[in-house]
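Biologist: Hello! Could you walk me through this protein, one question at a time?

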Amino acid sequence: MNQHKYTVIVLFDKFIPDIDKEELVHVTFESTGNPPTKALLKRLKNAMEIGNTHKIKVRIVFDTNNGVMSCRTTIWFVGKKYLLVKGNIAIPIESIYTVE
């Protein structure tokens, strides 16, 4: 029997669906409407460091044309406008709410 595993988090009092990293290629990212904060950029760089040195996944919460979603993956690189995750998928930093 094929069972789907879903993880849900709460942001702004709403449940946020967790998608598989393989599904990121089908996502159309949207801006959160706010510029990324220094705290978020620092968290992204820290997540990149632990991903590169220890292969630890983090949860990224981001905005899409289908609403807010999250994904657990390894961050490989953080640039000025995008971050790169496993599978060579670029996520615009302006679409990210948080990383845990």
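Modeller: Gladly, and a definition comes first: accessible areas come from the Shrake-Rupley method with a 1.4 Å probe, and for residues only the protein chains shown count as cover. This is a predicted model, where local features need pLDDT of at least 70 and side-chain atom pairs count only at pLDDT 80 or more, while totals for chains, interfaces and linings use all residues. Residues are numbered from 1 along each chain as its sequence is written, and side-chain values use heavy atoms, leaving out hydrogens and water.

Biologist: What share of the exposed area do carbon and sulfur atoms supply?

Modeller: The chain exposes about 6800 Å². Of this area, the part from carbon and sulfur atoms is 53%.

Biologist: In which order do the elements of the chain run?

Modeller: Helices (H or I, at least four residues) and strands (E, at least two) are DSSP runs, numbered from the N terminus. The chain has one helix and eight strands. From the N terminus on, the order is β-β-α-β-β-β-β-β-β.

Biologist: Which element gives the most to the largest nonpolar core?

Modeller: A nonpolar core is a set of buried Ala, Val, Leu, Ile, Met, Phe, Trp, Tyr and Cys residues joined through side-chain atoms within 4.5 Å; buried means under 20% relative accessible area, exposed over 50%, and partly exposed in between (1.4 Å probe, protein chains only). The largest one here has 22 residues, and Leu24, Leu44 and Leu83 are among those with the most contacts inside it. Helix H1 (38-54) and strand E3 (58-64) are among the elements that each supply at least two residues. The most, four residues, come from H1.

Biologist: Why do E5 and E7 each have one side without a neighbour in the sheet?

Modeller: Two strands pair if DSSP finds at least two bridges between them. Three strands form an open, antiparallel sheet in the order E5-E6-E7. E5 and E7 each have a single partner strand, so one side of each lacks a neighbour, because both stand at the edges.

Biologist: Which residue in E7 stands opposite Leu83?

Modeller: E6 and E7 run antiparallel, joined by four bridges. Leu83 also touches residues including Leu44 and Ile60 (contact means heavy atoms within 4.5 Å). Its opposite residue in E7 is Ile91.

Biologist: Is Asp63 buried or exposed?

Modeller: Asp63 is found in strand E3, and its contacts include Phe29, Ser95 and Tyr97. Because its relative accessibility is 13%, Asp63 counts as buried.

Definitions and conventions
Lists of a residue's contacts leave out its neighbours within four places in sequence.
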